[in-house]
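Work through the following exercises with the sequence and the structure open beside you. Each one sets a task and then solves it step by step.

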Amino acid sequence: MTSLASSSPMQTSSQSVSDIMKLVLLALMPGVLVATWFFGLGILINIILSCSIAIILESGMLRLRNRNIRHHLSDNSALVTAVLFGIAIPPGSPWWLVATGIFFAIVIAKHLYGGLGQNPFNPAMCGYAMLLLAFPLEMTGWHIPNEIIDSSIRLDSLGIPEIDKTQLVFSPFSLSGLQQSLLLAFPFFASNSQEFVDGLAMATPLIEFKMAAHSALLKTRDSGLFWLSRQAETGWELINIGYFLGGLFLLYKRIISWHIPFSILLTICIISSLFYAPGSVAVYGTPYLHLFGSATMLAAFFIATDPVSAATSKQGKIIYGVLIGCAIYSIRVWGSYLDSIAFAVLFGNFFAPVLDHYFRPRIYGHAKKLPQSNSEA
């Protein structure tokens, strides 16, 4: 019988990378389900399509790099990247847009830097930012086919029965809703595809500041509507609450630490409280709007906490989160992009190596500052 001799300091983990990634995917489900309920099957089609393409690209790159394909695919890191990317892009985006973004995320931002553990930037946000810069119209529009917008065109030509448009768009679990979602992602299936519009611009909560005065959930309670009713306009709040609950689950499982999410949310809350001035000409939005009106919770708990591209020391994580929080608010209020998550996280990724260098922990067994020798005294 052989015994394994070991010496301190040692730290072991009962969870593999695959187990951690599975828990992250599980924690994303509440927000994804709420988003699907309010915005239809387009987001699920995004996720399925991006996951399929990501697995193919991951396998191809592993083959080119002479790596064990089954072993590296089983870590589920490509699936987490694909799911985060599918959530970030507009629901029902064209297949080529999804494929282009995932190619940049998996091939360029991940494997060209050496694969998992070597990428300095968050792959999903790299893919999203590239699409936002290269295809701004497609990335800022709601992909509704022209046949749905123009009532003069019969829906029979698309194989969809003539029904109310509101029911068609907001009924994701009906057959018509499924057909509509497939058309959103694959518009070339329909006849007369040249008649499709590029996109229909839709106002987001950060554009209209609908929640600048009151919470939609509180307004729903006062109006007597059910908070899951699509007419209640509570979608963005409930989606953020879903990701917030998923983030708490990750904290409970100790998959992430509190430093980055807490510093991001606290920074946004403090800055938005300082600049918010009710009744003034410059409306910057309430702290509640900036916390629950966009993808703040998704960024704080799932994107910024990427263990590869984020800071690793405790002090570094706090400063890293403060930088991202400042960038999120600054880009939203004074920048050209209201959806500032991707650029803010990539901005924080730039500083992560420097933060880890200056806040690296002391070597085990050594004092924080070694005493000077007699010759130096």
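**Exercise 1: The overall build**

The chain of this model, which has 18 helices and zero strands, is a predicted one. Describe how much of the chain is buried and what its accessible surface consists of.

Solution. Begin with burial: the chain has 377 residues, and 46% of them count as buried. Next take the surface, which comes to about 20,000 Å², with 64% of that area belonging to carbon and sulfur atoms. Finally, look at how the chain meets itself: among contacts between residues at least 6 apart in sequence, 73% join residues at least 24 apart.

**Exercise 2: A salt bridge**

Find the salt bridge of the structure and decide whether Glu-58 and Lys-110 are buried or exposed.

Solution. The structure holds one salt bridge, and in this bridge the side chains of Glu-58 and Lys-110 meet at 3.0 Å, taken from N to O. To place the partners, note that Glu-58 belongs to helix H2 (residues 42–64) while Lys-110 sits in the loop between H5 and H6, so that the pair links distant parts of the chain, 52 residues apart. For burial, the cut-off to apply is a relative accessible area under 20%. Glu-58 has 2% and is therefore buried, and Lys-110, with 3%, is buried as well.

**Exercise 3: Two aromatic pairs**

Classify the pair of Phe-121 and Phe-350 from its geometry, and do likewise for Trp-258 and Phe-262.

Solution. A search of the whole structure finds 11 aromatic pairs. In one of them, Phe-121 and Phe-350 have their ring centres 5.0 Å apart and an angle of 65° between the planes, which makes the pair edge-to-face. Phe-121 lies in the loop between helix H5 (95–108) and helix H6 (123–134), whereas Phe-350 lies in helix H18 (residues 341–358), so the pair ties together parts that are 229 residues apart in sequence. As to their surroundings, Phe-121 is buried at 18% relative accessible area, but Phe-350 counts as exposed at 56%. The rings of Trp-258 and Phe-262 have centres 5.7 Å apart and planes at 75°; because planes over 60 degrees apart count as edge-to-face, this pair is edge-to-face too. Trp-258 counts as partly exposed, with 46% relative accessibility, and Phe-262, with 47%, is also partly exposed.

**Exercise 4: A nonpolar surface patch**

Which residues make the nonpolar surface patch, and which elements give two or more residues to the patch?

Solution. The residues are Trp-258, Phe-262, Leu-266, Ile-270, Leu-274, Phe-275, Ile-318, Val-322 and Trp-334, and together they make a patch of about 890 Å². The elements that give two or more residues are helix H14 (259–275) and helix H17 (314–334), and H14 gives the most, with five residues. Trp-258 has its place in the loop between helix H13 (235–252) and H14. As a further step, observe that Phe-275 and Trp-334 belong, together with Tyr-329, to one aromatic cluster.

**Exercise 5: A residue of helix H14**

Decide whether Thr-267 is buried or exposed, and say which residues Thr-267 is in contact with, leaving aside its neighbours within four places in sequence.

Solution. Thr-267 is placed in helix H14, and its relative accessibility of 9% means that Thr-267 counts as buried. With those neighbours left aside, Thr-267 is in contact with Gly-321, Val-322, Gly-325 and Cys-326.

Key. Residues are numbered from 1 along each chain as its sequence is written. This is a predicted model: local features need pLDDT of at least 70, side-chain atom pairs count only at pLDDT 80 or more; totals for chains, interfaces and linings use all residues. Side-chain values use heavy atoms; hydrogens and water are left out. Rings of Phe, Tyr and Trp (its six-membered ring) pair if their centres lie within 6.5 Å; planes under 30 degrees apart count as stacked, over 60 as edge-to-face and the rest as tilted. Helices (H or I, at least four residues) and strands (E, at least two) are DSSP runs, numbered from the N terminus. Buried means under 20% relative accessible area, exposed over 50%, partly exposed in between (1.4 Å probe, protein chains only). Patches are made of residues with over 30% relative accessible area and no salt bridge: like charges are joined within 9 Å, nonpolar side chains (Val, Leu, Ile, Met, Phe, Trp, Tyr) within 5 Å. Accessible areas come from the Shrake-Rupley method with a 1.4 Å probe; for residues, only the protein chains shown count as cover. A salt bridge is a side-chain nitrogen of Lys or Arg within 4 Å of a carboxyl oxygen of Asp or Glu. Contact means heavy atoms within 4.5 Å.
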